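Reader: I'm new to reading protein structures and would love a close look at one part of this one. Could you walk me through how a part sits within the whole chain?

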Amino acid sequence: GLGTVGFQGNPATDDLSPLKQTLEVFHRLGGRVLDTSPNYGDSETVLGRLLADLGIRDDVFMATKIDREDRAEGERRMEGSFNRLGGTIDLMQVHNLLGTDVQLGTLQAWKEEGRFKYIGITTHRDSQHADIERYMRSQPLDFVQVNYSLDEREADRRLLPAAEEAGVAVLVNRPFGAGGIFRRVRGESLPGWAAEIGCASWAQIFLKWIVGNPAVTCAIPATSNPKHLV
């Protein structure tokens, strides 16, 4: 998968070629999950335009978010996401648990109406893991999105086992933590076993460690750089 916080620019201009190239390579190499948010500047509008230009809008699993504490405002916000993304929204998530108690009822109703396939909640903070677990055990969630990496292993303690037990899918954000993990291996040769597991870079090792966890459904590193995407 791919996080798209960096997919920002003026959708009315033609200066989006690096982003378009990133999406084209992502799709060509088999990438399918795109995670965005109306909080990411004009990311939704940019994605909607570029996916249409590439003719791949129907090929992707589109996940976006809602973070409003007023029900009506939340509904307007989600209608805006549909308009900006220009197609099906597969997964709607409450962003960083903001307005969860207010919005989950709407999300469930819209799912039952067929407007979303799946609903979920997200965080990128260890401090919210206990709340994520509580909602996972008390609400009919399909997905949770959490921070998890070799640098941030807190989700291993209870959250990932609980998700696996509950049959809840897991998207992993911040799979490289805050990036410090790369500084720790700078100049270090890859271990001899890297090739045996199909890895040619530290980034691939870090990602494979995450997706090797049976509780993890998909990792969504964020990049707008075609080279990093590969």
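Author: Strand 1 pairs with strand 2 (residues 33–35) in the parallel sense, over two bridges. Look across that pairing and you will find Gly 3 standing opposite Asp 35 in strand 2. These strands belong to an open sheet of eight strands with the order 1-2-3-4-5-6-7-8 and parallel pairing. Its edge strands are strand 1 (2–3) and strand 8 (218–219), each of which pairs on one side only. In general, strands of a sheet pair through backbone hydrogen bonds, either parallel or antiparallel.

Please keep in mind that this is a predicted model. The chain holds nine helices and eight strands. Let's pick helix 3 for the close look.

Helix 3 covers residues 71–85, which makes 15 residues. From its first C-alpha to its last it reaches 21 Å, close to the 21 Å expected at 1.5 Å a residue. At the start of helix 3, Asp 70 reaches in with a side-chain oxygen, to within 3.2 Å of the backbone nitrogen of Ala 72. Just after helix 3 comes Gly 86, with a positive phi of about 65°.

Which residues of helix 3 are buried? They are Gly 74, Arg 77, Met 78, Gly 80, Ser 81, Phe 82 and Leu 85. To make sense of such a list, it helps to know that an α-helix has 3.6 residues a turn, so residues three or four places apart point the same way. Try that idea on Gly 74, Met 78 and Phe 82, which are among the buried residues of helix 3.

What covers the buried residues of helix 3? The cover includes three strands of the chain, namely strand 3 (61–66), strand 4 (89–94) and strand 5 (116–122). It also includes helix 2 (43–54) and helix 4 (100–112).

Helix 4 gives us a good residue to zoom in on: Gln 103 lies there. Gln 103 counts as buried because its relative accessibility is 0%, and the cut-off for buried is under 20%. Leaving aside neighbours within four places in sequence, Gln 103 is in contact with Gly 74 and Met 78, and also with Asp 70 and Arg 71. Its other contacts of this kind are Ile 66, Arg 68, Glu 69 and Val 94. So if you select Gln 103 in your viewer, you can meet Asp 70 again, the residue whose side-chain oxygen we saw at the start of helix 3, because Asp 70 is one of the contacts of Gln 103.

Now follow the chain between strand 4 and helix 4: the loop there contains Leu 97. Phi of Leu 97 is near 65°, a positive value in a residue other than glycine. As a general guide, most residues other than glycine have a negative phi, and most peptide bonds are trans. Leu 97 counts as buried, with 14% relative accessibility. Arg 174 also has a positive phi, of about 50°, although it is not a glycine. Arg 174 lies in the loop between strand 7 (169–173) and helix 7 (180–185), and is partly exposed at a relative accessible area of 30%.

Finally, step back to the whole chain. Its radius of gyration is 18 Å, which agrees with the value near 17 Å that a compact globule of 230 residues would have. Buried residues make up 50% of the 230 residues. Among contacts with a separation of 6 or more, 73% come from residues 24 or more positions apart.

Terms used
Residues numbered from 1 in each chain as written. Predicted model: local features only at pLDDT ≥ 70, side-chain atom pairs only at ≥ 80, totals over all residues. Heavy atoms only, no water. Helix = DSSP H or I, 4+ residues; strand = E, 2+ residues; numbered from the N terminus. Expected span 1.5 Å × (residues − 1). Buried < 20%, exposed > 50% of the residue type's maximum accessible area, 1.4 Å probe, protein only. Contact = heavy atoms within 4.5 Å. Polar contact = N/O pair within 3.5 Å; in protein donor to acceptor, adjacent residues only side chain to side chain. Pairing = 2+ DSSP bridges. Rg over C-alpha atoms; globule rule 2.2 N^0.38 Å.
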